Amino acid sequence: MTLSVSRRDFLRLGGGITAGTALAGLAGTGADLGPVTVRAQESRIKDVKPFRSVCPYCAVGCGLLVYTEKGADGKNKIIDIEGDYESPINRGTLCPKGAATFQLHVNPNRVTKVLHRKPGATEWEVMGLEDAMNRVVQLTKETRDRTFVEKNEAGIPVNNSLSIFSLGGATMDNEWNHIQQKLMRGLGVVAIENQARI
Ligand code: SF4
């Protein structure tokens, strides 16, 4: 007979085995005391192929293994994320933030649409991604053209726009940062910062 038990049940069963001597008194009461084969529940990530990724939180750049499987709707769903033991950076370990990456993705409170609050408005409105990108482009261009300085007060060419700064997040890799700083410097932006990482 094969019995599937959860980890919690297994621990409870362990306690029950400790009390086995006391249960010997059950013999003769009709209770089935025959041997039972017990095995732990299989890991939910057993046989699931992981994808390699990088923790999105900080510049350390710890490696992640992202496990996915097809849902009933045919789409891939993340079922677990853990540290990548082959990463030379973290060797499978994750700090508390990185260990919560699964909850970051699989979370009913996660904001998955662009939200926009118009100047003076009290409510957020959903905005299409294309519209949001166009608005960023429009405002960047307007601000740059309005504040661009060709020469300083001493007549020395500076060609800068001090009204814009660029702050990069931790998920920006070297290549993205390279392109970003080229774009920003082309606009005359001087203040450029990022969490440079792998
Ligand atoms: S797991 Fe922690 S230390 Fe590693 S990249 Fe993520 S936030 Fe940084």
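Asparagine 159 counts as exposed because it has 11 C-beta neighbours inside 10 Å. A residue is termed exposed if 12 or fewer other C-beta atoms lie within 10 Å of its own, buried if 20 or more do, and partly exposed in between, with C-beta atoms placed from the backbone. Asparagine 159 belongs to strand E9 (residues 157-160), and its phi is positive, about 45 degrees, although it is not a glycine. Most residues other than glycine have a negative phi.

The structure is a predicted model, in which local features need pLDDT of at least 70, side-chain atom pairs count only at pLDDT 80 or more, and totals for chains, interfaces and linings use all residues. Residues are numbered from 1 along each chain as its sequence is written.

The protein has 6 helices and 11 strands. Helices (H or I, at least four residues) and strands (E, at least two) are DSSP runs, numbered from the N terminus. Of the 198 residues, 7% count as buried. Among contacts with a separation of 6 or more, 46% join residues 24 or more positions apart; two residues are in contact if their C-beta atoms, placed from the backbone, lie within 7 Å.

An open sheet of 3 strands follows the order E3-E4-E5 with antiparallel pairing. Strand E3 (50-54) and E5 are the edge strands, each pairing on one side only. On average, neighbouring strands of this sheet are turned by 35 degrees against each other, direction ignored. Such angles run from 0 to 180 degrees between N-to-C directions, and the axes are lines fitted to C-alpha atoms, for helices over the stretch in contact. Two strands pair if DSSP finds at least two bridges between them. The pairings are listed below.

| Strand pair | Sense | Bridges | One residue pair |
|---|---|---|---|
| E3 and E4 | antiparallel | 5 bridges | arginine 52 and leucine 65 |
| E4 (residues 63-70) and E5 (residues 76-83) | antiparallel | 7 bridges | glutamate 69 and lysine 77 |

The hairpin of E4 and E5 has 5 residues between the strands, and glycine 74 takes a positive phi near 85 degrees there.

Tyrosine 67 lies in strand E4. With 19 C-beta neighbours inside 10 Å, tyrosine 67 counts as partly exposed. Not counting residues up to four places away in sequence, tyrosine 67 touches Ile45, Val48, Pro50, Ile79 and Asp80. Arginine 44 is 23 residues from tyrosine 67 in sequence, and their C-alpha atoms are 9.6 Å apart.

The largest nonpolar core consists of 7 residues, namely Val54, Cys55, Cys62, Leu64, Leu65, Ile81 and Leu94. A nonpolar core is a set of buried Ala, Val, Leu, Ile, Met, Phe, Trp, Tyr and Cys residues joined through C-beta atoms within 7 Å. Leaving aside neighbours within four places in sequence, cysteine 55 is in contact with Gly61, Cys62, Leu64, Leu94, Gly98 and Thr101.

Cys55 is also one of the residues surrounding the ligand, together with Tyr57, Cys58, Val60, Gly61, Cys62, Asn90, Leu94, Cys95, Lys97 and Gly98. A residue is near a molecule if its C-beta atom, placed from the backbone, lies within 6 Å of it. This shell divides into 7 nonpolar, 3 polar and 1 charged. Ala, Val, Leu, Ile, Met, Phe, Trp, Tyr, Cys and Pro count as nonpolar, Asp, Glu, Lys and Arg as charged, and the others, Gly among them, as polar.

Arginine 91 is found in the loop between E5 and helix H3 (96-99). Arginine 91 has a positive phi of about 50 degrees although it is not a glycine, and counts as exposed because it has 12 C-beta neighbours inside 10 Å.
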